Amino acid sequence: MLGERDRAVLDFESRWWLYPGPKDRAIRAHLGISATRYYQVLRRLMDDPAAEEHAPLTIRRLRKVREHGRRRADRRLGDGQRP
């Protein structure tokens, strides 16, 4: 079961671009946590089934971004297959 802060983080991530100014300032203003803590919470939530149930599109998008980053890193290090 998701806590209130976890739900707030997911809800913010699903619409952060609606807030004026830089994302890190909006995180601090609307959630009251640092950007570092915010991203730590998001990384943990990406693999939480309850988070996927609460915000399926957001979680799938975050997983896709994470996987894309891993593939890029593998290619840079020469460990991945060529596209």
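A residue counts as exposed here once its relative accessible area is over 50%, as buried when that area is under 20%, and as partly exposed in between. W17 sits just on the exposed side of that divide, because its relative accessible area is 51%. Its sequence neighbour W16 comes out at 29%, so W16 goes down as partly exposed. These values, like everything that follows, come from a predicted model.

Taken as a whole, the chain is all about helices: there are 5 of them, and 0 strands. Read from the N terminus, the order of elements is simply α-α-α-α-α. Of the 83 residues in the chain, 24% are buried.

Three of the helices have a clear inner side. In α1 (4-13), the buried set is D6, V9, L10, F12 and E13. These residues span an arc of only 160° around the helix axis, so they sit on the same side of α1. Helix α2 (23-31) buries K23, A26 and I27. Here the arc is only 105°, which again puts the buried residues on the same side of their helix. R25 and A29 are exposed, and they lie on the other side of α2. Helix α3, residues 35-45, follows suit with Y38, V41, L42 and L45 as its buried residues. Viewed down the α3 axis, they fall within an arc of 100°, so they line one face of the helix. The spacing fits the usual geometry: an α-helix has 3.6 residues a turn, so residues three or four places apart point the same way.

What do these helices build together? The largest nonpolar core holds 16 residues, and the ones with the most contacts inside it are V9, L10, Y38, L42, L45 and A51. Helices α1, α2, α3 and α5 each put at least two residues into this core. The largest share is that of α3, with 4 residues. A core of this kind is no surprise, as nonpolar side chains tend to be buried together in soluble globular proteins.

A51 deserves a closer look. This residue belongs to helix α4, which covers residues 49-54, and A51 counts as buried because its relative accessibility is 0%. A51 also pairs up with the start of the chain: L2 is 49 residues away in sequence, yet the two C-alpha atoms are 6.8 Å apart in space.

Helices α1 and α3 can be linked in a similar way. R7, in helix α1, has a C-alpha 9.7 Å from that of L45, with their positions 38 residues apart in sequence. R44, in helix α3, gives a matching figure with D6: the pair is 38 residues apart along the chain, and their C-alpha atoms are separated by 9.7 Å. Neither arginine is buried. R7 has a relative accessible area of 31%, so it is partly exposed, and R44 is partly exposed because its value is 41%.

The aromatic residues tell their own story, with a count of 4 aromatic pairs. The W16 and W17 rings make an edge-to-face pair, because their centres are 6.1 Å apart and their planes meet at 75°. Y38 and Y39 are also edge-to-face, at 5.1 Å centre to centre and 80° between the planes. These two tyrosines differ in their surroundings: Y38 is buried because its relative accessible area is 0%, whereas Y39 is partly exposed because its relative accessibility is 35%. Ring pairs also tie Y38 and Y39 into a cluster with F12 and Y19.

Y39 turns up again at the largest pocket, which encloses about 170 Å³ of space. Which residues line that pocket? The lining consists of E13, Y39, L42, R43, M46, R61, L62 and V65. Helices α3 and α5 (56-77) each contribute at least two residues to this lining. Sorted by class, the lining has 5 nonpolar and 3 charged residues, with no polar ones. Two of the lining residues have appeared before: L42 is among the core residues with the most contacts, and E13 is one of the buried residues of α1.

Definitions and conventions
Residues numbered from 1 in each chain as written. Predicted model: local features only at pLDDT ≥ 70, side-chain atom pairs only at ≥ 80, totals over all residues. Heavy atoms only, no water. Buried < 20%, exposed > 50% of the residue type's maximum accessible area, 1.4 Å probe, protein only. Arc of directions from axis to C-beta. Phe/Tyr/Trp six-rings, centres within 6.5 Å; stacked < 30°, edge-to-face > 60°. 1 Å grid on protein atoms, 1.4 Å probe; cavity = no way out; pocket = protein on both sides within 12 Å on 5 of 7 lines; lining within 4 Å. Points joined across faces, edges and corners; volume = space filled by probe spheres on them. Nonpolar A, V, L, I, M, F, W, Y, C, P; charged D, E, K, R; others polar. Core = buried A, V, L, I, M, F, W, Y, C linked by side-chain atoms within 4.5 Å.
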